[in-house]
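Colleague: Please take a close look at one part of this model, the second largest cavity. What lines the second largest cavity, and what is its volume?

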Amino acid sequence: MEPKLIDHLFRHHYGKMVSVLVRIFGLAHLETIEDAIQDTFIKASTSWKNNPPEHPEAWLTKAAKNRVLDVFRKLKAEHKRIPDITSGTEAIAIQELFLDNEIEDSQLRMIFTACHPQLNPKDRISFALKTVSGFSSKEIAAALLTKEETIKKRLSRARVSIQKGNISFEIPQGKALSERLNSAMEVLYLIFNEGFHSTKKEMLVRKELCAEAMRLCKMLLTHKSTQTPKIYALFALMCFHAARIESKTNHQNELLDLRDQDRSLWHFPLIKLGNTAMHKAVEDTSFSSYHYEAAIAAEHLKAATFEKTNWKTILKWYECLYELNPTPIHILNMAVVQLQDGRFRESYQLLQQLDPETLGQRTYLYHATLSDYYLTQKEYPNAITHIDIALRLVTNKQEKNYLEKKRISLIL
């Protein structure tokens, strides 16, 4: 069986298994549970090479149930206080926890546990990415633009905080729910972004991460207590971006910018789903950053051609977004919009406001944009200088190839 399929199954089942087993044994045994599930997937990756199961998901579910008993025996041997699940009504209850609706309930509990206010905000995001979606420490470090050792410390600190704080494995109510919901949305947003614009060197798009973020977001929308306009806006944003995934690269797996993308490949059912979500998102007049980002994505989808893009409306939404959340990346995006709209001086003034270093791993985008500006001014030496800087800084292989082609066009 291909490693990609195992990776896909891992993404979709790791969080489910962790959540159900934690619901059975409690958060105190989280580390033991994670180790047990890791073992299950290691076993799958080796045994499936020569003898893949006919129904991989069913195999994993059965393996998870068996791991329940393995964990039970391990904890019993350590004289821990745990429920007797080997017979009677407890055994029946365990079987029921593997039903789809109960798995979903367990995952919601895990999402809100990860977003508990007793946890450090940075620890919450790392912990959720690990326990809900099965990210490795290395992948979390890439998604959060930090070192792997830092992530390992955050995960360890989160586990300690959960045990010391005696945190309950439950879905909160009232004010506590709305507070934790914001943290949950931030996590889902990060998961989707790592899929849509991957920080991995060899991969530009990781569809399985986009799908996982959308699945978890949709799961929040199935519960009345979490059906908020902000969640609908986040889901709309994901739908709008996901609709364009197939057009981001060509048949040679080369990156295409928005101008050159084949718009006939945009997935209309996802656009329609996003529009439906957006209608629900604007039922109240309090708009979030997700509302504005979704509005920007929608404007791109509305344009029949690149030339018909309404850059003025897009700029307006970026200005609203910056007012709400003043970050360097929004200034850069506004500069790009001004450049596309032919307002070169305004674009350059925005670029001059930026310290490129504040963009972190996206610093190369600043220099690529500045190169584009100099190209509009026919200042070719400056354009080449900055595209060379961008090429030194970019890490993704497909983006590097894209920039190299642009550089060749500058010197021809």
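Modeller: A cavity here is a set of points, on a 1 Å grid over the protein atoms alone, where a 1.4 Å probe fits but cannot get out, and lining residues have an atom within 4 Å of a point. Grid points are joined across faces, edges and corners, and a volume is the space filled by probe spheres set on the points.

This is a predicted model, in which local features need pLDDT of at least 70 and side-chain atom pairs count only at pLDDT 80 or more, while totals for chains, interfaces and linings use all residues. Residues are numbered from 1 along each chain as its sequence is written, and side-chain values use heavy atoms, with hydrogens and water left out.

Two cavities of 30 Å³ or more are found in the structure. The second largest has a volume of about 40 Å³. Its lining is made up of Ile111, Ala128, Val132, Ala184, Val187, Leu188, Ile191 and Leu216. By class, that lining has eight nonpolar residues, no polar and no charged ones; Ala, Val, Leu, Ile, Met, Phe, Trp, Tyr, Cys and Pro count as nonpolar, Asp, Glu, Lys and Arg as charged, and the others, Gly among them, as polar. Helix H9 (residues 174–196) supplies the largest share of the lining, four residues. Helices (H or I, at least four residues) and strands (E, at least two) are DSSP runs, numbered from the N terminus.

As for the chain around this cavity, the protein has 19 helices and zero strands. Of its 412 residues, 49% count as buried, where buried means under 20% relative accessible area, exposed over 50% and partly exposed in between (1.4 Å probe, protein chains only). Among contacts in the chain with a separation of 6 or more, 64% join residues 24 or more positions apart; contact means heavy atoms within 4.5 Å. The C-alpha trace spans about 80 × 50 × 40 Å along its principal axes.

Two residues outside that lining can serve as examples of burial. Valine 20, in helix H1 (residues 3–25), is buried because its relative accessible area is 1%. Its C-alpha atom is separated by 9.7 Å from that of lysine 65, 45 residues apart along the chain. Phenylalanine 41 lies in helix H2 (residues 30–50) and has a relative accessibility of 5%, so phenylalanine 41 counts as buried. Leaving aside neighbours within four places in sequence, phenylalanine 41 is in contact with Leu9, Phe10, His13, Tyr14, Met17 and Leu60.

Terms used. On a 1 Å grid over the protein atoms alone, a cavity is a set of points where a 1.4 Å probe fits but cannot get out, and a pocket is an open set with protein on both sides within 12 Å along at least five of seven lines; lining residues have an atom within 4 Å of a point.
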